[in-house]
Amino acid sequence: MKKLTLNFPDTFDMDEKEIVNALAAQLYDIGKLSLGQAADLAGLSKRKFMESLANFGVSVFNYPVEDLAHDIAHAKNHHS
């Protein structure tokens with residue numbers, strides 16, 4: 001696992017756990033980490049991580065609209 005050290009001003013209003021959770025949520029949101037990987041980074045179970053995503057404005061349904069539209073069209077073609 002890679003290690004990253006960050007320096008924040010003393011006035012920064014988040015503790016280390018909050019920062020790691022926010023980072024994990026954002027990396028999940030942009031598709032760089034899977035749900036399980038992001039939960040591991042945050043040190044949470046998948047369920048707890050999923051519950052925490054709303055705190056960062058991230059949806060647990062991390063599925064691009066274009067992919068969803070393609071999958072629906074593909075499913076209709078196979079079931080018609």
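## Exercises: patches and ring pairs

Leu6 comes out partly exposed, at 47% relative accessible area. Keep in mind that this is a predicted model.

**Exercise 1.** Where does Leu6 lie, and which residues join it in a nonpolar surface patch?

*Solution.*
- Start with location: Leu6 belongs to the segment before helix H1, which covers 16–29.
- Next, check eligibility. A patch member needs over 30% relative accessible area, and Leu6 has 47%.
- Now list the members: Leu4, Leu6, Phe8, Phe12 and Met14 make a nonpolar patch of about 470 Å².

**Exercise 2.** Work out how many aromatic pairs the structure holds, then classify the pair made by Phe8 and Phe12.

*Solution.*
- A search through the whole structure turns up 2 aromatic pairs.
- For Phe8 and Phe12, the ring centres sit 4.6 Å apart and the planes meet at 25°. Planes under 30 degrees apart count as stacked, so this pair is stacked.
- Then look at exposure: Phe8 is partly exposed at 38% relative accessible area, and Phe12 is partly exposed at 34%.
- Tie this back to the patch: Phe8 and Phe12 are both among its members.

**Exercise 3.** Do the same for Tyr28 and Phe49: what kind of pair do they form, which helices do they link, and are they buried or exposed?

*Solution.*
- The ring centres of Tyr28 and Phe49 are 6.2 Å apart, with planes at 85°. Over 60 degrees counts as edge-to-face, so that's the label here.
- On to the chain: Tyr28 is in helix H1 and Phe49 in helix H3 (residues 46–52), so the pair, 21 residues apart, links distant parts of the chain.
- Finally, exposure: Tyr28 and Phe49 are both buried.

**Exercise 4.** Which residues gather in the surface patch of negative charge, and how exposed is Asp13?

*Solution.*
- The patch brings together Asp13, Asp15, Glu16 and Glu18.
- Asp13 itself is found in the segment before H1.
- With a relative accessible area of 72%, Asp13 is exposed; the cut-off for that word is over 50%.

**Exercise 5.** Place Leu27 in the fold, then give its separation from Ala38 in sequence and in space.

*Solution.*
- Leu27 is part of helix H1.
- Its relative accessible area is 24%, so Leu27 is partly exposed. Buried would need under 20%.
- Leu27 and Ala38 are 11 residues apart along the sequence, while their C-alpha atoms are 7.2 Å apart in space.

Note on methods:
Residues numbered from 1 in each chain as written. Predicted model: local features only at pLDDT ≥ 70, side-chain atom pairs only at ≥ 80, totals over all residues. Heavy atoms only, no water. Patch = residues over 30% accessible without salt bridge, like charges linked within 9 Å, V, L, I, M, F, W, Y side chains within 5 Å. Areas by Shrake-Rupley, 256 points an atom, 1.4 Å probe, with all protein chains shown as cover. Salt bridge = Lys/Arg side-chain N within 4 Å of Asp/Glu carboxyl O. Helix = DSSP H or I, 4+ residues; strand = E, 2+ residues; numbered from the N terminus. Buried < 20%, exposed > 50% of the residue type's maximum accessible area, 1.4 Å probe, protein only. Phe/Tyr/Trp six-rings, centres within 6.5 Å; stacked < 30°, edge-to-face > 60°. Lys, Arg positive; Asp, Glu negative; His and termini not counted. Charge placed at Lys NZ, Arg CZ, Asp CG, Glu CD.
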